[in-house]
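Trainee: Got a minute to walk through this one with me? I'd like to start with charged pairs and then wander.

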Amino acid sequence: MSRPRQEKAFDIDKYVVLKAYKEAKANRGAPGIDKQSISVFEMDLKNNLYQLWNRMASGSYFPAATRYVEIDKSDGGKRILGIPTVKDRIAQGVAKAYIEPRLEEVFHEDSYGYRPNRSAHDAIEKARKRCWKYDWVIDLDIKAFFDTIDHELLLKAVSMHVSEPWIILYIKRWLKAPMQNKDGQLIDREQGLPQGGVISPILANLFLHYAFDKWMVKNLPYAPFERYADDLLVHVETKKRAEEILEAIGQRMTQVKLELHPQKTKIVYCKDSNRKGEFEQIRFDFLGFTFAPRYARNKFKQQFNNFLPAASDKAVEEMGRELRRFRIHLQTGQTIAELARLYNPVILGWINYYGRFYKSRLGQLLRRINIYLIRWARKKYRRLSIRANAWKYLSQIAEREPNLWAHWSFGVIPKVGSLGAV
């Protein structure tokens with residue numbers, strides 16, 4: 001006699017679990033505290049996925065601690081990541097799949113971070129246009145945002161859009177899951193979201209939707225903004241109004257138990273040829289770009305100052321460091337085509353992201369690739385030891401195969417007569 005089929009406490013679609021696994025695999029995250037990679041998880045895939053679904057559907061799923069990882073920040077500080085296990089990443093992906101569609105219906109149109117069909121470029125483009133329209137911008141920095149999100153306020157926001165008890169239950173468990181450092185010590189968490197979690201970005205967006213977006217629409221509808229996760233810009237017509245709005249936003253942050261960074265938050269004058277007068281701050285960084293007065297040409301080829309975004313100094317310096325780490329000029333065992341296949345994905349990533357605005361900013365960096373290739377050719381081929389010969393050789397390849405290297409397609413082509421300092 002067969003036993004009666006046991007009903008699960010929660011109705012969770014197995015297909016959603018499978019889809020969450022595929023997304024976790026595509027994202028190729030690092031292992032958690034159990035050191036289990038996706039490839040190891042896949043060695044018993046069917047059983048592992050069934051076990052995870054069974055525990056989530058029965059209410060017996062409990063997440064493991066997240067792995068504590070410190071990442072160096074460009075300002076010299078540390079960013080703390082909490083890396084979940086593969087199983088926990090899949091479980092978070094399941095919950096995200098259920099709540100993301102309904103939250104997309106309510107999120108503000110000027111919230112861009114970690115949302116489908118929206119990008120950093122969309123936020124930068126909107127900011128660029130508004131900087132032309134509004135003389136002043138408030139560059140807001142929330143101090144340690146992910147580490148200081150209040151759990152009670154977050155769960156209150158979650159409850160306004162989530163009715164499934166299992167999702168609320170597991171979000172509470174994810175919020176309370178401790179971090180484990182490299183010594184095995186567990187670090188309890190009473191606030192904040194672990195950066196590195198699959199569900200953390202959408203929960204952070206939900207928190208700021210109520211803490212900032214909706215509050216701005218209700219109280220400061222005349223001050224448009226762009227928000228990419230916790231990177232925020234607010235556009236204002238006058239300096240006096242900017243100071244008033246900054247004070248009001250600071251008070252709002254206090255209400256929701258957040259704090260504006262006193263050194264990094266600033267009021268910026270969007271100076272260009274038509275905006276007279278001086279102000280201490282005339283530039284700001286946003287999503288890897290620096291907005292500042294820059295030379296431009298109008299349709300009559302006349303030069304003037306415009307307030308425009310371009311790859312930031314920090315971004316260019318980091319790309320330069322990565323380029324040096326390639327050590328292209330020392331890889332004489334490779335052909336030029338093999339080198340191109342190896343490094344084009346990275347170079348193309350630089351071009352696709354930072355070349356979108358004020359692309360000439362990348363020129364010097366990309367020309368350095370040609371210089372490294374000249375050095376490579378001179379080391380690889382004795383007949384090319386003379387610099388002019390090596391440059392001619394590279395120019396001929398570029399003429400014959402202009403799409404071989406990503407930066408050649410971008411227009412940074414080696415030409416005879418423009419040797420540069422090699």
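Mentor: Sure. Start at Lys19, which makes a salt bridge with Glu23; their closest N and O atoms are 2.9 Å apart. Keep in mind that this is a predicted model.

Trainee: Where do Lys19 and Glu23 sit relative to each other in the helix?

Mentor: Both are in helix α1, residues 14-27, and because they are four residues apart, about one helical turn separates them.

Trainee: And are those two buried or exposed?

Mentor: In between. Lys19 is partly exposed at 39% relative accessible area, and Glu23 is partly exposed too, at 38%.

Trainee: How many salt bridges does the whole structure have?

Mentor: The search turns up 19. Another one is Glu104 with Arg115, where the closest N and O atoms are 2.9 Å apart. That pair ties distant parts of the chain together: Glu104 belongs to helix α4 (residues 86-104), while Arg115, eleven residues away, is in the loop between α4 and α5 (120-133).

Trainee: What about accessibility for Glu104 and Arg115?

Mentor: Glu104 counts as partly exposed at 22% relative accessibility. Arg115 has 7%, so it counts as buried.

Trainee: OK, and α5 itself, which residues form a salt bridge there?

Mentor: Glu125 and Lys129, with 3.6 Å from N to O. They are four residues apart in helix α5, about one turn. Lys129 is partly exposed, with a relative accessible area of 47%. There's also a network: Asp110, Arg130 and Glu226 are joined by salt bridges that share partners.

Trainee: Switching to the greasy stuff. Which residues touch the most other members of the largest nonpolar core?

Mentor: Ile90, Phe212, Val234 and Ile249, out of 67 residues in that core. Helix α9, residues 200-219, supplies the largest share, ten residues.

Trainee: Is there a general reason to look for clusters like that?

Mentor: In soluble globular proteins, nonpolar side chains tend to be buried together.

Trainee: What does Val234 touch?

Mentor: Leaving out residues up to four places away in sequence, its contacts include Trp136, Val137, Ile138, Leu140, Phe212 and Met216. Val234 also touches Ala223, Pro224, Phe225, Ile245 and Ile249. Elsewhere, a second, separate core has 54 residues, among them Val268, Phe291, Phe326 and Tyr343.

Trainee: Cysteines next. How many disulfides are there?

Mentor: Zero. Cys131 is in no disulfide, and the nearest cysteine sulfur, the one in Cys270, is 3.9 Å away.

Trainee: Why doesn't Cys270 count as bonded to Cys131?

Mentor: Because 3.9 Å between their sulfurs is too far for a bond; the cut-off is 2.5 Å.

Trainee: Are those cysteines buried or exposed?

Mentor: Buried. Cys131 has 0% relative accessibility, and Cys270 likewise comes out at 0%.

Trainee: Now strands. How do β10 and β11 pair?

Mentor: In the antiparallel sense, over nine bridges, with β10 covering residues 289-297 and β11 covering 303-311. One of the bridge partnerships is Ala296 with Phe304 in β11.

Trainee: What's in the turn of that hairpin?

Mentor: Five residues lie between β10 and β11, and Lys301 in the turn has a positive phi of about 70°.

Trainee: Why would a positive phi be worth flagging?

Mentor: Because most residues other than glycine have a negative phi.

Trainee: Which other residues have a positive phi without being glycine?

Mentor: Ala229 is one, at about 55°, and Lys257 is another, at about 65°. Ala229 is in the loop between β6 (225-228) and β7 (231-236), and at 8% relative accessible area Ala229 is buried. Lys257 is in the loop between α10 (239-255) and β8 (266-269).

Trainee: Last one, where is Leu348?

Mentor: Leu348 is in helix α12, residues 336-354, and counts as partly exposed at 40% relative accessibility.

Trainee: And how far is Leu348 from Ala24?

Mentor: Their C-alpha atoms are separated by 24 Å, with their positions 324 residues apart along the chain.

Conventions
Residues numbered from 1 in each chain as written. Predicted model: local features only at pLDDT ≥ 70, side-chain atom pairs only at ≥ 80, totals over all residues. Heavy atoms only, no water. Salt bridge = Lys/Arg side-chain N within 4 Å of Asp/Glu carboxyl O. Helix = DSSP H or I, 4+ residues; strand = E, 2+ residues; numbered from the N terminus. Buried < 20%, exposed > 50% of the residue type's maximum accessible area, 1.4 Å probe, protein only. Core = buried A, V, L, I, M, F, W, Y, C linked by side-chain atoms within 4.5 Å. Contact = heavy atoms within 4.5 Å. Pairing = 2+ DSSP bridges.
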